[in-house]
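Subject: Structure handover: pockets and cavities

Hello,

Here is the structure for you to look over. My notes on its pockets, cavities and surface follow below.

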Amino acid sequence: MTRQVAVVSQKGGVGKTTVCLNLAVALAEKRQRVLLLDLDPQGAVGLSLARADGELPGLAELMLGQLPPDRVVVATRLPGLSLLPRGRLDPADVPAWEGALQRSSLLTAVLQPLAKDFDWIIADTPAGLGIPTRAALGWANLALVLMQAEPLALRSIHQVMRVLDHVRQTENPRLRLLGVLPTMVDLQKEASRGVMEQVWSGFGGVLETMIPRAEVFLNASQLGLPLAFLGGPLGPEARRFDMLATELEAVADQLGGSHAAVERQQRQLL
């Protein structure tokens with residue numbers, strides 16, 4: 001079954017597009033077939049790759065029936081990784097686009113023909129819990145929640161959890177929490193360290209992998225590249241996304257029942 005992941009957060013500035021892009025690259029480099037879907041009306045994925053706004057057709061044209069899937073899915077130079085950009089959406093038309101997304105079955109109907117071609121579909125959503133995010137949660141079978149390591153994000157994390165629970169109970173019973181991913185973690189700062197201590201002390205669903213605050217993300221953004229595509233030695237931040245991909249594969253296997261638990265006999269080391 002295709003892992004359809006809605007990447008969501010209750011507030012902006014958490015690095016959601018950065019995580020989506022680098023996670024998609026890491027999964028593709030593990031020989032997974034990955035589609036990175038841009039559900040942000042600002043077209044964040046295209047902008048992060050230094051593409052001009054509206055340069056690439058994509059989801060907007062697919063939703064309107066103007067172009068078929070094979071005309072809007074963009075194969076990248078990394079084998080296994082494809083993009084479905086936002087498309088040529090005039091900012092003045094965003095309310096109408098969101099109104100179309102509000103039809104509960106539209107996104108699922110549009111994306112269903114693509115699912116068979118991919119192991120993972122990673123959907124980048126805009127900040128907040130508005131219409132595009134709700135549409136993504138209604139379509140997805142997994143939700144990855146990003147939480148910036150700061151007090152305000154910790155205080156408001158219950159909001160996104162409440163929405164996940166509501167969608168699962170009323171709209172999409174297939175939806176499962178893939179994990180909570182701490183981002184912009186800076187353990188040298190007291191406030192960030194304090195948030196992580198509270199998270200580690202028992203907040204449910206938090207992943208072992210965390211994404212640090214680091215200047216290399218700004219450098220990659222300026223060049224319009226994923227971390228793994230920067231020149232020079234592979235940095236520790238890029239390796240974190242390899243770790244994240246491995247962890248999410250294991251969690252998804254457990255949630256999907258792909259691997260049965262193996263009973264082991266007690267042994268002695270000495």
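I begin with the lining of the largest pocket. Its residues divide into 13 nonpolar, ten polar and five charged. Bear in mind that this is a predicted model.

The volume of the largest pocket is about 610 Å³. It has 28 lining residues, and G15, K16, T18, M184 and F217 are the closest to its centre. Two elements give two or more residues each to this lining: α1 (16–29) and α10 (215–223). The largest share, six residues, comes from α1.

The second largest pocket holds about 490 Å³ of space. Its lining has 17 residues, with L49, R51, T76, R77 and L83 nearest the centre. Here the elements giving two or more residues are α1, β3 (74–75) and β4 (81–84). By class, the lining of this second pocket splits into 13 nonpolar, two polar and two charged residues.

Now the cavities. The count is two cavities of 30 Å³ or more.

- The largest cavity contains about 100 Å³ of space. It is lined by 14 residues, and G43, G46, A52, G54 and R86 lie nearest its centre. Four lining residues are nonpolar, five polar and five charged.
- The second largest cavity has a volume of about 40 Å³. Its lining consists of N22, V25, A26, E29, L227, A228, A238, F241 and D242. At least two of these residues come from each of α1 and α11. Helix α1 gives the most, with four residues. The class split is six nonpolar, one polar and two charged.

Next, the surface. L223, L225 and F229 make a nonpolar patch of about 270 Å². F229 sits in the loop between α10 and α11 (236–256). Is F229 buried or exposed? Neither: F229 is partly exposed, because its relative accessible area is 40%, and that class lies between the buried limit of 20% and the exposed limit of 50%.

One more residue to check is A115. It belongs to helix α6 (residues 106–115). A115 counts as buried because its relative accessibility is 13%, and buried means under 20%. A115 and D93 are 22 residues apart along the chain, and their C-alpha atoms are separated by 27 Å.

Over to you.

Best wishes

Key: Residues are numbered from 1 along each chain as its sequence is written. This is a predicted model: local features need pLDDT of at least 70, side-chain atom pairs count only at pLDDT 80 or more; totals for chains, interfaces and linings use all residues. Side-chain values use heavy atoms; hydrogens and water are left out. On a 1 Å grid over the protein atoms alone, a cavity is a set of points where a 1.4 Å probe fits but cannot get out, and a pocket is an open set with protein on both sides within 12 Å along at least five of seven lines; lining residues have an atom within 4 Å of a point. Grid points are joined across faces, edges and corners, and a volume is the space filled by probe spheres set on the points. Ala, Val, Leu, Ile, Met, Phe, Trp, Tyr, Cys and Pro count as nonpolar, Asp, Glu, Lys and Arg as charged, and the others, Gly among them, as polar. Patches are made of residues with over 30% relative accessible area and no salt bridge: like charges are joined within 9 Å, nonpolar side chains (Val, Leu, Ile, Met, Phe, Trp, Tyr) within 5 Å. Accessible areas come from the Shrake-Rupley method with a 1.4 Å probe; for residues, only the protein chains shown count as cover. A salt bridge is a side-chain nitrogen of Lys or Arg within 4 Å of a carboxyl oxygen of Asp or Glu. Buried means under 20% relative accessible area, exposed over 50%, partly exposed in between (1.4 Å probe, protein chains only).
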